[in-house]
There are 4 protein chains.
Amino acid sequence: MKNSIGTNVILTLFGESHGDEIGAVLDGMAPGIEVSEAFIAEQLSKRRPQGPTETARVEKDNFRIVSGVFNGFTTGAPICIIIPNENKRSADYEAMRGKARPSHADYTAHIKYCGFEDYRGGGHFSGRITAGIVAAGAIALKALEKKGVRIETSILSCGGGSDVEAEIMSAKNDLDSVGGKVQTVITGLQAGVGEPWFDSLEGVIAKALFAIGGVKGVEFGAGFKFSEMRGSEANDPFCIRDGKICTTTNNNGGINGGISNGMPIVFNTAVKPTPSIAKEQQSVDFITGEECKLEIKGRHDPAIVRRICIVITSLVAIVLCDMLSLKGGTDSLR
Amino acid sequence: MKNSIGTNVILTLFGESHGDEIGAVLDGMAPGIEVSEAFIAEQLSKRRPQGPTETARVEKDNFRIVSGVFNGFTTGAPICIIIPNENKRSADYEAMRGKARPSHADYTAHIKYCGFEDYRGGGHFSGRITAGIVAAGAIALKALEKKGVRIETSILSCGGGSDVEAEIMSAKNDLDSVGGKVQTVITGLQAGVGEPWFDSLEGVIAKALFAIGGVKGVEFGAGFKFSEMRGSEANDPFCIRDGKICTTTNNNGGINGGISNGMPIVFNTAVKPTPSIAKEQQSVDFITGEECKLEIKGRHDPAIVRRICIVITSLVAIVLCDMLSLKGGTDSLR
Amino acid sequence: MKNSIGTNVILTLFGESHGDEIGAVLDGMAPGIEVSEAFIAEQLSKRRPQGPTETARVEKDNFRIVSGVFNGFTTGAPICIIIPNENKRSADYEAMRGKARPSHADYTAHIKYCGFEDYRGGGHFSGRITAGIVAAGAIALKALEKKGVRIETSILSCGGGSDVEAEIMSAKNDLDSVGGKVQTVITGLQAGVGEPWFDSLEGVIAKALFAIGGVKGVEFGAGFKFSEMRGSEANDPFCIRDGKICTTTNNNGGINGGISNGMPIVFNTAVKPTPSIAKEQQSVDFITGEECKLEIKGRHDPAIVRRICIVITSLVAIVLCDMLSLKGGTDSLR
Amino acid sequence: MKNSIGTNVILTLFGESHGDEIGAVLDGMAPGIEVSEAFIAEQLSKRRPQGPTETARVEKDNFRIVSGVFNGFTTGAPICIIIPNENKRSADYEAMRGKARPSHADYTAHIKYCGFEDYRGGGHFSGRITAGIVAAGAIALKALEKKGVRIETSILSCGGGSDVEAEIMSAKNDLDSVGGKVQTVITGLQAGVGEPWFDSLEGVIAKALFAIGGVKGVEFGAGFKFSEMRGSEANDPFCIRDGKICTTTNNNGGINGGISNGMPIVFNTAVKPTPSIAKEQQSVDFITGEECKLEIKGRHDPAIVRRICIVITSLVAIVLCDMLSLKGGTDSLR
């Protein structure tokens, strides 16, 4: 499936950082979901760089819905959303052609695509493509909201500390970047969603998250802390509250055996420091085959820990719609 | 795909803990891969419980290859491997019917399957089913070995410490269980394997890992440590060694932009404590709808941190064969 | 997907003509469908050779359900059904190794599988494998029956005539075989099933049918007769009957735009003459690379036009369950 | 997959007859395939209506390649092609809202999409969408051409006769439409392409063909004539010609056991008469629920038998690229 994800609700991404347009196709959404262009714009604005802690490359994100929406509602046919790239400076990158930016996909793309990759600004690997995720995700979020399902992603830490802005400004001043950790909480999801083995809720969500550039770890509930725990403290005891079965703790992050148990779904995502830093770096020119020094000019985020939140929320909304659609049928989301 | 994983090389699992047989179908493997029953048996023996730190339910794993192998070689047709269940004591579980074992899939399976689930010993959710993964994985490992690709999974820690046996015996004596962390290293994998977005190498591997019961976190390279790092320390500088492009550090665990870069692939997996503990636990009987106390008799591992290693190695071998097959074609593994 | 078909309800086939066992895995069926072993046996008996017009290789089809059924109902977990091969005479084939039987898969299998194919009796290409389709299809048929959906396949013609038995006996006496045409009618299927483009009901059914050996043509409704018609006679006028929208004719075979319209689904399948004939044939030995004469001994059907009916019905039942499951959700079939 | 087809090379279609733009995403094509905009334009011109036998709605097809092509070559990333709709007259359709055009998808779309379908000009079901198939197919055809594979589709008959133009003009003069039969021949395809059961070459091609509006039958080689034949005349004897294994006849249309045998792949497609005719028709208004008379104004083809040829050729090119890519790997098409 490469650039697509999902079984019954399917997202496909296309575009490059310095192409004219990027976009997404969202297929399989139920007909009759209200689509608000204002809400899509609002969601895109959450992804847009803001203030001194983020990149100066700001895009207007003048998206347009090309198909699949009619009279303000989804039709059930594939929804294509196109977003023009407006603020691109390809010259920034042309000079660096061949010089592999460490931690970036320049070198691996070159090998994979045999030298035919669009290398400008990371090409198809650019974070710019996530705008399509956010636009499509806005429709999925609205569908979920009607079913009482809400998704929120927030910053847990940055550079190991909790004063996120200070950490980022400090890194920026050092011509450096910094990583962070974010947490996502899904509430209102019914018990019984997910499959026993390969379409476990954890597996499906993790696969989606690792698509996002910069994500290098995913843990559910107590996650890596489980490795230090005893069963007697890790196990979530079942109880009855208000006539409903739930658990007194939620170390399992709302998932048992790959299937939601009705508690909030909770997971953390590790985000690596933005690879692009202004500091000089050691690298290799894979065209000449020689070692080289590298100084990345361009315009970059010293941290993506804030901007990634809406991308995660949006992408998880889409895969949840897929899971619900497989369970309840295409029309169950309407 | 539910109980199947893969695109060109596809594994399907079936069976229940207390059924007569469990098994796996591995479809899409190249023809001409030598199949050694002795090697499969040896791999299965690594998964089998051993010594005082593990469960007393020992299975003989008298597997048989039903299809897809002829004259000692894969034919290219689907390989079905059947493994009889021999040492089962259904009575251990019959009495507990309805009492949700905390951290287990009893309750979620009951909801998902509307009360029709085979509840004996975890049914289809049982770790017993992983024997099929190991048997099929043995064939994948042999195919990879011929291409110079090796996969090793080893224990990093258990209960937070490094003296694994002591931690497990201590938990066992306390009628408890304990979690751990394991690390997998893949060497010899060429650069250029993986896809930019949804079939990133990280995403594909993570989805596979979360299929395994007990896995609650996956991190690649520096993983969650990235969240505390600066870009200047996190980025892996490229260099030339022996005429080959590589990196001086490997914080990215051999993957950039979802694609292998030729360095070893490294990832850690968080394993939660075995849910089944002999200590009394608080729970709910989801048939009567009342809270209850629970004491799990049966025979259980106080930790699965050792046994899970071969399951991870085997499953990762299968998804790697799939990735290589998509890149180089069905026959490229021969 | 190779040896699997379906998205939410998935059938996987495995086995070879002369292996110990063949079988099928049916994954994604709703939990709670009653499974009658007697009904499966009855369906298998319809596929079994009967009387003088069919092969003398009669199998007992002593199937067993290995997984996914508990206390007489589907559990929702994958259903594996195993059927032993009992009446095999490999020696019949050993002598013919390398001699490509015309119209058979011997040569193409040899090329595709690089010489590693199990060549005995057609190996994985054998019609024997369709027993797995019939066994799994019996469960799907029962699920559909509860929803009021019925599928019947019957013989339209054989050797161009309608006296099927006479045509077959005549061919048999000539050491020859003969083709035929069968028609399938699905009643009770609601309007709205199918997708606009690539998962059209026609496309999904046709793909399934062409999996069956001997099928070389599929047409829906008026099918190839459409090519000679005018729109004014071909179009099915809509009308109201008993308060329901239907059509006065059914040239479209119940499908408009790839989607069921509530009328019976009708399609015809062209079945070629059994490739195996006792007459001497011209061929090539692909091992020696020389032309050769070929006389096929073994035991063969002079026509498969009767036996194929239950295979078509069963396979179509499975893909219909998949379509309904995608539309209404996994549980909608219960 | 709904509006997508393929496993390793995947086509996704989107758009509606009266939207601003339609388009296609082609994912998984090898990097390094030369892309000629002139050739794409030329292919699109073959699909465009021509002369008095075809509709007066002529589109300029001013396509643009949005992604996946860089410096004149495919990059390996998804290729999105957008084609504006220019010559649309929505008013033609607005008045007919609710009146089900016989043989069209109006009614089935209404049921499937619960009344939210874009009903103008057939919406997403419109033949207009096939422009995206032709544009994407042009790239696939070029890739195949380099491998020596050629695909040609030509008209076999129209209205039962061979004087196609006369049949169409006669139908047009009668305010009617007429069906036809077309034949596709693929030459240069190596032996060994296709899978034994569900990804048989016949099944994969048929599934693709039935996606195209108007296709109601597909037969390979002798197809439905097989039903009247004896095995001794139907079987294609193998022989050696110029040192190569081939067959003296080609009744099987180049496919044995679902796999190409090196002979030309030959199949016929039945095309029904264009549903839209100017003659008055009996129908139902599915909004009022009453029977009604219907006269279709608009601009329509009296036959699509010529225009469908390039659509079939293009779509088959894409699925062949997928099959070759699965066999030989993503890069094998370069």
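What turn and what shift along the axis lay chain D on chain C? A turn of 180° does it, with a shift of 0.0 Å along the axis and an RMSD of 0.0 Å. The two copies are thus related as by a two-fold rotation axis. The surface used is shared, too: 100% of the contact residues of chain D recur in chain C. Keep in mind that this is a predicted model.

**Chain against chain**

Let's start with the D and C pair. Chain D puts 102 residues into the contact, and chain C puts in 103. Between them they bury about 8,100 Å², with 61% of that area coming from carbon and sulfur atoms. On the chain D side, the trio D:Trp197, D:Phe198 and D:Lys216 supplies 13% of the area that chain D buries against chain C, more than any other three residues.

Now for chain A and chain D. Here, too, a turn of 180° with a shift of 0.0 Å along the axis lays chain A on chain D, at an RMSD of 0.0 Å. The copies meet through the same surface, because 100% of the interface residues of chain A are also interface residues in chain D. Each side brings 42 residues to this contact, and the buried area is about 3,300 Å², 63% of it on carbon and sulfur atoms. Which three residues of chain A supply more of the area it buries against chain D than any other three? They are A:Lys2, A:Phe70 and A:Phe116, which together supply 20%.

**Helix against helix**

Two packed helices are described by the angle between their axes and the distance between the axes. Here are three such pairs, each within a single chain:

| Helix pair | Angle | Axis distance |
|---|---|---|
| H1(C), residues 37-47, and H4(C), residues 130-146 | about 135° | 9 Å |
| H4(C) and H8(C), residues 307-328 | about 50° | 7 Å |
| H1(D), residues 37-47, and H8(D), residues 307-328 | roughly 135° | within 7 Å |

Take H1(C) and H4(C), whose axes are at about 135°. That angle makes H1(C) oblique to H4(C), and H1(C) passes H4(C) in a right-handed crossing. On the H1(C) side the contact is made by C:Phe39, C:Ile40, C:Gln43, C:Leu44 and C:Arg47, while H4(C) contributes residues including C:Thr130, C:Val134, C:Ile139 and C:Lys142. By type, the residues of this contact are nine nonpolar, two polar and two charged.

H4(C) also packs on H8(C), at an angle of about 50°. These helices are therefore oblique to each other, but is their crossing left-handed or right-handed? The crossing of H4(C) and H8(C) is left-handed. From H4(C) the contact residues include C:Ile133, C:Gly137, C:Ala140 and C:Leu144, and from H8(C) they include C:Ile310, C:Ser314, C:Cys321 and C:Leu324. How many residues in the contact of H4(C) with H8(C) are nonpolar, and how many are charged? The split is 15 nonpolar, four polar and no charged. C:Thr130 and C:Val134 of H4(C) appear in the contact with H1(C) and also in the one with H8(C).

Over in chain D, the axes of H1(D) and H8(D) cross at roughly 135°, which makes H1(D) oblique to H8(D). The contact is formed by D:Gln43, D:Lys46 and D:Arg47 of H1(D) together with D:Arg307, D:Ile310 and D:Val311 of H8(D). In this contact there are two nonpolar residues, one polar and three charged.

Key:
Residues numbered from 1 in each chain as written. Chains lettered and ligands numbered in written order. Predicted model: local features only at pLDDT ≥ 70, side-chain atom pairs only at ≥ 80, totals over all residues. Heavy atoms only, no water. Least-squares fit on C-alpha atoms with pLDDT ≥ 70 in both. Contact = heavy atoms within 4.5 Å. Axes fitted to C-alpha atoms, helices over the stretch in contact; angles between N-to-C directions. Helix = DSSP H or I, 4+ residues; strand = E, 2+ residues; numbered from the N terminus. Parallel < 35°, antiparallel > 145°, perpendicular 65-115°, else oblique. Left-handed = near helix turned anticlockwise from the far one by under 90°. Nonpolar A, V, L, I, M, F, W, Y, C, P; charged D, E, K, R; others polar. Buried area = accessible area lost by both parts, 1.4 Å probe.
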